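Good morning. I have one structure to go through today, and I will keep it short. Please look at the sequence and the model before I start.

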Amino acid sequence: MNNVFKLFNDFVKGLTGVILGLLALGVAATLVFGDAGLMGIDVIANISSVLAELADPAGGVGGLIVLLIVWGLLSK
C-alpha cells in the first residue's frame, strides 16, 4: 500500500513540475511575442485576471484560501 501512495505522490510531483514549467514557458513566450504568447494564449493576462478575482471582496476569501493551500503544497 505504501508503494501505491509513493507512486501516486511521485506522479503528482512530476505533473506539477511539468505544469510549472509550461507556465514559465508561457510567461516567457508572452513577454517575447506579446499578446500572441504561447499558441495564442496570453498567460500574463490570465494570471492577472485570477489575481483580480482574489482581490474581489465578494469572492476573494475562498480564492485566497485556495491560493494559500496551493502555495503550501508547492513550497514543500
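I will go from the whole chain to one helix contact, and then to two residues in that contact.

First, this is a predicted model. The mean pLDDT of the chain is 77, and 83% of the residues reach 70 or more. Confidence differs between the elements: helix α1 has the highest mean pLDDT, 85, and helix α3, residues 60-74, has the lowest, 70. Please keep that in mind when you look at α3.

Now the overall layout. The chain contains three helices and zero strands. Along the sequence, that reads as α-α-α.

How much of the chain is buried? Of the 76 residues, 9% are buried. The accessible surface of the chain is about 6100 Å², and carbon and sulfur atoms account for 76% of that surface.

Next, the contact between two of the helices. Helix α1 covers residues 2-33, and helix α2 covers residues 43-55. Their axes come within 8 Å and cross at roughly 115 degrees. Angles of 65 to 115 degrees count as roughly perpendicular, so α1 is roughly perpendicular to α2.

Which residues make this contact? From α1 they are L23, G26, V27, T30 and L31. From α2 they are V43, I44 and I47. Sorted by type, the contact has six nonpolar residues, two polar ones and no charged ones.

Let me take two of these residues in turn, beginning with L23. L23 sits in helix α1. Leaving aside residues up to four places away in sequence, L23 touches V43 and I47. In sequence, L23 and I47 are 24 residues apart; in space, their C-alpha atoms are 9.9 Å apart.

Is L23 buried, exposed or partly exposed? Its relative accessibility is 38%. Buried means under 20% and exposed means over 50%, so L23 counts as partly exposed.

The second residue is L31, which is also placed in helix α1. Between the C-alpha atoms of L31 and I44 the separation is 8.5 Å, and along the chain these residues are 13 apart. The relative accessible area of L31 is 64%. The cut-off for exposed is over 50%, so L31 is exposed.

To sum up, the model has three helices, and α1 and α2 cross roughly perpendicular to each other. Within that contact, L23 is partly exposed, while L31 is exposed. That is what I have; questions are welcome.

Terms used:
Residues are numbered from 1 along each chain as its sequence is written. This is a predicted model: local features need pLDDT of at least 70, side-chain atom pairs count only at pLDDT 80 or more; totals for chains, interfaces and linings use all residues. Side-chain values use heavy atoms; hydrogens and water are left out. Axes are lines fitted to C-alpha atoms, for helices over the stretch in contact, and angles run from 0 to 180 degrees between N-to-C directions. Helices (H or I, at least four residues) and strands (E, at least two) are DSSP runs, numbered from the N terminus. Angles under 35 degrees count as roughly parallel, over 145 as roughly antiparallel, 65 to 115 as roughly perpendicular and the rest as oblique. Contact means heavy atoms within 4.5 Å. Ala, Val, Leu, Ile, Met, Phe, Trp, Tyr, Cys and Pro count as nonpolar, Asp, Glu, Lys and Arg as charged, and the others, Gly among them, as polar. Buried means under 20% relative accessible area, exposed over 50%, partly exposed in between (1.4 Å probe, protein chains only). Accessible areas come from the Shrake-Rupley method with a 1.4 Å probe; for residues, only the protein chains shown count as cover. pLDDT is the predictor's confidence in each residue, from 0 to 100.
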